[in-house]
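Biologist: Before I accept the labels attached to a model, I should like to hear the grounds for each of them. May we go through them in turn?

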Amino acid sequence: MPHSGETSVVHGPSAIYKPLIPYAAERSLRLVLVNLRDYPGSTRYSEAELSALSSTDPKSQRSALDAQGSEIATFLLWFIKKEKIPRLTERGGGGLGLLAWSWGNTIMMSFLAQAAKLPKDIQEILGAYVRSLIFFGMCPGSSSSLCRC
């Protein structure tokens, strides 16, 4: 389907966004629904990853969340290339809008926290495509790494 040049990658449990599909289509907005790890249809966490995420050791939790943030960067690079997403333009076209909900907010914040640690060329690529970030429905008690509301 032709779209307006803006592509929104929606991050979280994708079934929650299905009611938006007809509205997006009416507005020539392309929605890409991405299931987070460990949700149906996505890669399961390993026992080691689950252990790190649920650990009481902040360093273990941070390491696990850092890895999740890096996975988002890797996905975005792949998606931009595979789908030939247009770069942001001065007139406001192109690029990606990223929306996170619930547990997806934690993962998206991990992605942002990793930005300065990414290689410079990857920072520049993502900077040329990521238009906006929307954090929707923050998890109550989101300090808990296993919040799944």
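The exchange below takes up the labels given to this predicted model and the values behind them.

Biologist: What is the overall make-up of the chain?

Modeller: The chain has five helices and four strands, and along the sequence they follow the pattern β-α-β-α-α-β-α-α-β. Of its 149 residues, 39% count as buried. The accessible surface of the chain comes to about 8600 Å², and 58% of this belongs to carbon and sulfur atoms. Of the contacts between residues at least 6 apart in sequence, 65% join residues at least 24 apart.

Biologist: Why is Asn105 called buried?

Modeller: The relative accessible area of Asn105 is 1%. Buried means under 20%, therefore Asn105 qualifies. Asn105 is found in helix 4, and a polar atom of its side chain lies 3.0 Å from the backbone oxygen of Phe136.

Biologist: What makes that pair a polar contact?

Modeller: The distance is 3.0 Å, and the limit for a pair of N or O atoms is 3.5 Å.

Biologist: What makes helix 4 largely enclosed by the rest of the structure?

Modeller: Nine of the twelve residues of helix 4 are buried, so the helix is largely enclosed. The buried residues are Trp103, Gly104, Asn105, Thr106, Ile107, Met108, Ser110, Phe111 and Gln114.

Biologist: How do you know that the length of helix 4 agrees with expectation?

Modeller: At 1.5 Å a residue, the twelve residues should span 16 Å. The end C-alpha atoms of helix 4 are 17 Å apart, which agrees.

Biologist: How does helix 3 fare, and which of its residues are buried?

Modeller: Helix 3 has 25 residues and reaches 36 Å from its first C-alpha to its last, close to the 36 Å expected. Its buried residues are Ala64, Leu65, Gln68, Gly69, Ile72, Ala73, Leu76, Phe79 and Ile80. Lys84, which follows helix 3, has a positive phi, near 50°.

Biologist: Is Leu112, also in helix 4, buried or exposed, or does it fall in between?

Modeller: Leu112 has a relative accessible area of 36%. Partly exposed covers the range between the 20% limit for buried and the 50% limit for exposed, so Leu112 is partly exposed.

Biologist: What makes Leu112 eligible for a surface patch?

Modeller: Patch residues need over 30% relative accessible area, and Leu112 has 36%. Leu112 forms a nonpolar patch with Met109, Leu133 and Phe135, and together they have about 300 Å² of accessible area. Helix 4 and strand 4 (130-136) are the elements that give two or more residues to this patch.

Biologist: Why is the pair Glu26 and Arg27 called a salt bridge?

Modeller: The closest N and O atoms of Glu26 and Arg27 are 3.3 Å apart. The limit is 4 Å between a side-chain nitrogen of Lys or Arg and a carboxyl oxygen of Asp or Glu, so the pair qualifies. Glu26 is exposed at 59% and Arg27 is exposed at 55%, the threshold being over 50%.

Biologist: How many salt bridges does the whole structure contain, and which residues form a network?

Modeller: The search finds seven salt bridges. Arg30, Lys82 and Glu83 are linked in a network of salt bridges.

Biologist: What does Arg37 pair with, and how do you know that these pairs link distant parts of the chain?

Modeller: Arg37 meets Glu49 in a salt bridge of 2.6 Å, N to O. Glu49 is in helix 2 (residues 47-53) and Arg37 in the loop between strand 2 (30-34) and helix 2, twelve residues apart. Arg37 also meets Glu71 in a salt bridge of 2.8 Å, N to O. Glu71 is in helix 3 (residues 58-82), 34 residues from Arg37.

Biologist: Which of these three side chains are buried, and which are partly exposed?

Modeller: Arg37, at 12% relative accessibility, counts as buried, since the cut-off is 20%. Glu49 at 25% is partly exposed, and Glu71 at 33% is partly exposed.

Biologist: Why is Thr89 called partly exposed, and where is it found?

Modeller: Thr89 has a relative accessible area of 44%, which lies between 20% and 50%, so Thr89 is partly exposed. Thr89 is found in the loop between helix 3 and strand 3 (96-101). A polar atom of its side chain lies 2.8 Å from the backbone nitrogen of Gly93. Thr89 and Ala128 are 39 residues apart in sequence and 8.8 Å apart in space, C-alpha to C-alpha.

Key
Residues are numbered from 1 along each chain as its sequence is written. This is a predicted model: local features need pLDDT of at least 70, side-chain atom pairs count only at pLDDT 80 or more; totals for chains, interfaces and linings use all residues. Side-chain values use heavy atoms; hydrogens and water are left out. Patches are made of residues with over 30% relative accessible area and no salt bridge: like charges are joined within 9 Å, nonpolar side chains (Val, Leu, Ile, Met, Phe, Trp, Tyr) within 5 Å. Accessible areas come from the Shrake-Rupley method with a 1.4 Å probe; for residues, only the protein chains shown count as cover. Buried means under 20% relative accessible area, exposed over 50%, partly exposed in between (1.4 Å probe, protein chains only). Contact means heavy atoms within 4.5 Å. A polar contact is a pair of N or O atoms within 3.5 Å; within protein, one must be able to donate a hydrogen and the other to accept it, and residues adjacent in sequence count only if both atoms are side-chain atoms. The expected span of a helix is 1.5 Å times one less than its number of residues.
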